[in-house]
Every structure is written in structure tokens, then in C-alpha cells.
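Trainee: Could we go through the inside of this protein together, cores and pockets included?

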Amino acid sequence: MRPLDKLYIGGKWVAPSSSKSIDVINPATEQAFLSMACANETDVDAAVAAARAAFPIWSQTPAAERKRILLAVADEMDNRLEDLIDATVSCVGIPRHQAFDFQVGSPIDAVRYYAGLCGIVDEVHEENNVIIMREPIGVCTLINPWNYPFMQLIGKVAPALAAGCTVVAKPAEQTPLLDVIVAEIFDKAGLPAGVFNLVLGIGAEIGNHMCSHPDVDMVSFTGSTGAGIKVAQAAAPSVKRVCQELGGKSAFIITEDADFEAAVRFGTENVILMGGQTCDALTRMLVPASRYEEAVTIAKRVTQEQVIGDPLDDKSTIGPLASMMHRERVLNYINIGIEEGARLVTGGPDRPEGLDIGAYVKPTIFADVTSDMRIASEEIFGPVLSIMKYETVDEAINMANDSEFGLSSAVWAKDKVEALKIAKKMQAGQCFIQGGYFTINAPFGGYKQSGNGREWAEHGLEEYLETKAIISG
Ligand code: NAD
């Protein structure tokens with residue numbers, strides 16, 4: 001079992017102040033394969049101090065030099081590709097053959113993309129007697145969940161460093177290995193000491209301190225809405241900026257004249273990807289009553305095509321969920337759906353055949369789901385699709401927007417023109433039309449309780465900037 005017994009602070013691997021550690025479990029084997037050191041508040045103080053000391057240097061480093069270093073980081077990521085893929089598979093259970101496409105490839109592209117944006121802080125807008133410029137906000141705490149560990153870290157750290165900020169990052173307890181590899185990569189690529197600091201630890205123990213710390217200027221948090229609220233509360237007394245990327249219960253409207261085979265396949269595969277542990281998964285499929293059973297039949301067929309199994313087997317299209325604890329949570333929701341009277345079309349709470357060990361859950365489809373059911377409103381974060389019925393498109397839009405969340409959404413209509421009309425009415429940070437999907441070139445973030453920040457694209461970098469106006473007399 002590999003020990004992750006050091007924190008990366010001030011450009012050095014240092015032992016934490018406490019001897020506490022926890023095991024990290026491979027969800028496919030249920031075996032511990034790492035032990036992770038747990039930082040305490042003293043370690044957080046050291047990491048913040050290192051980031052604070054490095055800020056004047058890094059923020060004044062010319063954009064061309066920051067760009068050079070970020071490009072060297074991306075090259076080193078290419079060199080460590082197999083390690084990044086192996087770590088992702090062991091930590092989150094995604095089938096290995098899917099890991100590059102859905103977890104590892106685009107973050108490396110993103111590092112190169114943000115390297116190209118380093119010069120943004122040198123842009124000055126001058127009109128009449130007003131000069132407007134932007135500056136890096138300062139020291140940033142970055143806290144991430146476990147579902148896309150590499151992508152979520154890069155979605156924060158690459159724009160932060162491109163902007164000239166320094167950071168203290170904390171991964172989820174289940175997935176520290178990706179962050180350790182990234183720290184090794186930064187070290188090898190020559191990132192100056194203190195610009196990137198890594199603390200490993202338990203969110204409930206050190207999260208509050210990381211967010212309330214007086215020397216931290218901004219917190220970027222991705223995770224559950226419940227933890228996001230605690231983060232904002234901890235940050236509020238010091239009035240620091242808080243960028244929250246939280247949960248979702250995204251709706252997908254399919255219209256009567258859409259290509260049903262393509263649309264239902266798209267929606268069903270979307271929920272099955274990564275075992276449904278994707279914050280923007282389209283877990284509510286809204287289908288016209290006139291073609292309801294057709295949609296249910298297609299979704300059932302697509303689900304039953306899936307091969308659940310060992311992430312190392314090329315035939316597997318769906319691996320285990322990320323942990324046994326999370327499996328229990330998802331199974332509980334499947335049982336709630338049955339108790340609420342939804343029609344179980346396929347899947348269910350039983351273990352998939354032949355998989356007696358591992359956090360496996362059968363991809364599950366519920367039909368006849370109504371808005372008052374918990375499975376229609378609460379985030380399950382598993383491979384569970386609720387198919388709901390509507391009479392008119394206006395009713396479908398109301399159903400889609402009748403949610404405390406607003407992270408993502410999708411529409412499949414007769415054509416792009418018709419889909420766009422509906423997309424404009426969806427209360428969500430993103431809307432995929434006619435089979436569009438995630439790209440780092442589009443800003444990503446939530447309306448309502450799905451959050452208040454934006455990641456990716458240029459908007460993701462702007463979160464890390466302050467605006468300054470200089471007015472002459
Ligand atoms: P979580 O909220 O339990 O944990 C996320 C992170 O927060 C972890 O690093 C954890 O240690 C830390 N944490 C926990 N309590 C904290 C506290 N009081 N203060 C500071 N940090 C604390 O979430 P999870 O179970 O790891 O992830 C799943 C959730 O993340 C889902 O709700 C999902 O929708 C959401 N998510 C959102 C996005 C997005 O971009 N909107 C992306 C991925 C996941």
C-alpha cells in the first residue's frame with residue numbers, strides 16, 4: 001500500500017503535523033491501496049503562508065514566463081499520462097478505456113489553453129479619463145470532490161496560475177493520488193516554490209479553516225450544496241470571494257418531432273457515463289405523452305446494452321461507483337423510487353450478476369416519475385434515470401425549471417432552430433442542444449443552488465481577477 005504521507009508546501013514535500021492517516025479504497029476491489037496523511041490546521045497555516053509569500057513573486061512574473069511554465073506543465077502531464085489514467089481508474093472506478101476521453105485528456109488541453117491566456121492581466125482598457133485593468137485576486141483555496149479529480153483540480157488551478165494567483169489545494173478524501181501526481185508535475189516543470197501547495201485531509205476537519213483563513217483571498221469550491229453552504233458561511237466574515245460549483249438535477253426535454261432514437265440514446269448514455277456521478281448528468285428526461293412508451297423502450301434497450309464490470313476490462317462500459325458508502329446512498333434512492341411508486345423499467349437495487357465485490361450498481365431506469373417524487377427532485381449522483389411525461393412544451397419547460405438546482409440542461413427538438421428557442425428558456429448555466437456535450441471552451445456553472453461561479457473558458461479565469469479603475473482628474 002503506497003503511503004501518501006507528505007504534503008507539498010513551499011516547494012517541498014513535508015511531513016504533516018499530525019500522525020493521523022486514512023486508507024484510500026479501490027472501489028472495484030474494496031481493497032485499500034493508499035494511505036493518506038491528514039493535515040491539521042497548523043499545516044493549513046503553513047500552506048497559506050507559503051502561498052502568501054509566493055504571491056508577490058508569481059503575480060509579478062511576466063505573462064510570457066508564466067505561459068512557458070504552464071506549457072512545460074502540460075508537456076510533463078503528457079509524460080505522466082499513464083500514471084494519471086491509472087490513478088483515475090483506481091480512485092474513481094471509470095473503465096480504463098474511457099479514462100482519457102472523459103477524465104484526463106481535456107484537462108491537459110486546458111492547461112495549454114490557459115497558458116495562452118496568461119497575458120489577460122496585461123490588457124488595459126482606456127477610455128476618456130478612466131483606465132481599467134485587472135489584477136490577480138491573491139491566495140486561493142481550492143477544494144474539490146472525487147468524481148472528476150484531475151479535471152476539477154485543473155479547472156481551478158490552471159486559470160488561477162494563469163491569472164497570477166497562488167493556491168492551496170485540497171482533494172477529496174477518496175482521490176488524493178491525482179493531486180499528488182499534479183504536485184510532482186508542477187515540481188518537475190519548475191513552478192516556483194509556494195505557488196502551488198497541496199494539503200491532504202478531511203474536509204470536515206480542515207475545510208472551515210481553509211475557507212475562513214484571513215490570508216486567503218478567494219475560495220473556489222466544488223462539491224455538494226450542503227458543504228458549499230458551510231464553505232460560504234466560513235468565508236463570509238472575511239468577505240472573501242467564494243466561487244461555488246455545486247449539485248444538479250438537470251432536465252432534458254425531448255420534443256415530439258425529435259429524432260427519438262438519437263435523443264433517447266444520448267440522454268440515457270449521458271446518465272450512465274461515470275455511473276451517473278457527473279454533476280451535470282441529465283437525470284430527468286422529459287418526454288411528450290404521445291411518444292412516452294417509445295422513449296421508455298429505447299432507454300431500456302440502451303441501458304441493457306451496457307456491460308457492467310471490472311474497469312480494467314476493455315468490454316466494461318460502466319465500472320463501480322466511487323465508494324461503497326456512495327453505493328449505499330444510491331441504492332437507498334433506488335429503493336425510495338420503488339416505494340414512491342415509480343415504475344422500475346430496468347436495473348434495481350440488486351447486485352449485478354457475478355459482481356459480488358465492488359461498489360457496483362445496476363444502471364436503473366424509472367418511468368412514470370412525477371414531480372412530487374424525491375427521485376425527481378433530489379440529486380442521486382448515480383446511474384439512475386427518471387423518465388417523466390409532459391403534454392405541452394411549455395409544461396415541459398416549467399417542469400425543467402421547477403428545481404432548486406440549475407446546473408445544466410438539454411433539449412433535442414426537430415432541429416437546432418427549434419431547440420434554441422427552448423434552450424433560451426431553461427434556467428441553467430448550460431444547455432446542450434441536439435446532442436452537444438461538455439467542452440472546456442464553454443463556461444460551466446450553475447444557477448440557483450447549483451452555484452454562483454463559472455469554470456472553464458475565459459470566464460473561468462476571470463473568477464481569479466480583481467478589476468481596478470484608475471481615474472484621472
Ligand atoms: P462533498 O461536498 O462531500 O465534498 C467535496 C469536497 O468538500 C471534499 O474535498 C470534502 O473534503 C470537502 N468538504 C467537506 N466538508 C467541508 C467543509 N465543511 N468545508 C470545506 N470543505 C469541505 O461532495 P462530494 O460527495 O465529494 O462530491 C459530490 C458532489 O459534488 C455532488 O453534489 C456533485 O453534484 C458536486 N459536483 C459539482 C460540480 C460542479 O461543477 N457544479 C462538479 C462535480 C461535482
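Here is a short chat about the core and the largest pocket.

Mentor: Quick heads-up: this is a predicted model, where local features need pLDDT of at least 70, side-chain atom pairs count only at pLDDT 80 or more, and totals for chains, interfaces and linings use all residues. Residues are numbered from 1 along each chain as its sequence is written, and side-chain values use heavy atoms, leaving out hydrogens and water.

Trainee: Where does the largest nonpolar core lie relative to domain 1 and domain 2?

Mentor: A nonpolar core is a set of buried (under 20% relative accessible area, 1.4 Å probe, protein chains only) Ala, Val, Leu, Ile, Met, Phe, Trp, Tyr and Cys residues joined through side-chain atoms within 4.5 Å. This one has 104 residues, and M77, L84, F150, V157, L161 and F196 touch the most other members. Domain 1 (2-246 + 451-463) and domain 2 (251-443), with bounds from an automatic or database assignment, both contribute residues, so the core lies between them.

Trainee: Which residues does F196 touch, not counting those up to four places away in sequence?

Mentor: Contact here means heavy atoms within 4.5 Å. With that cut-off, the partners of F196 are Y8, L153, V157, V167, A169, A183, F186 and L191.

Trainee: How many charged residues are in the lining of the largest pocket?

Mentor: A pocket is an open set of points on a 1 Å grid where a 1.4 Å probe fits, with protein on both sides within 12 Å along at least five of seven lines; lining residues have an atom within 4 Å of a point. There are 40 lining residues, with W146, F221, G223, S224 and A227 nearest the centre. By class, 18 are nonpolar, 14 polar and, for Asp, Glu, Lys and Arg, the charged count is 8.

Conventions:
Buried < 20%, exposed > 50% of the residue type's maximum accessible area, 1.4 Å probe, protein only.
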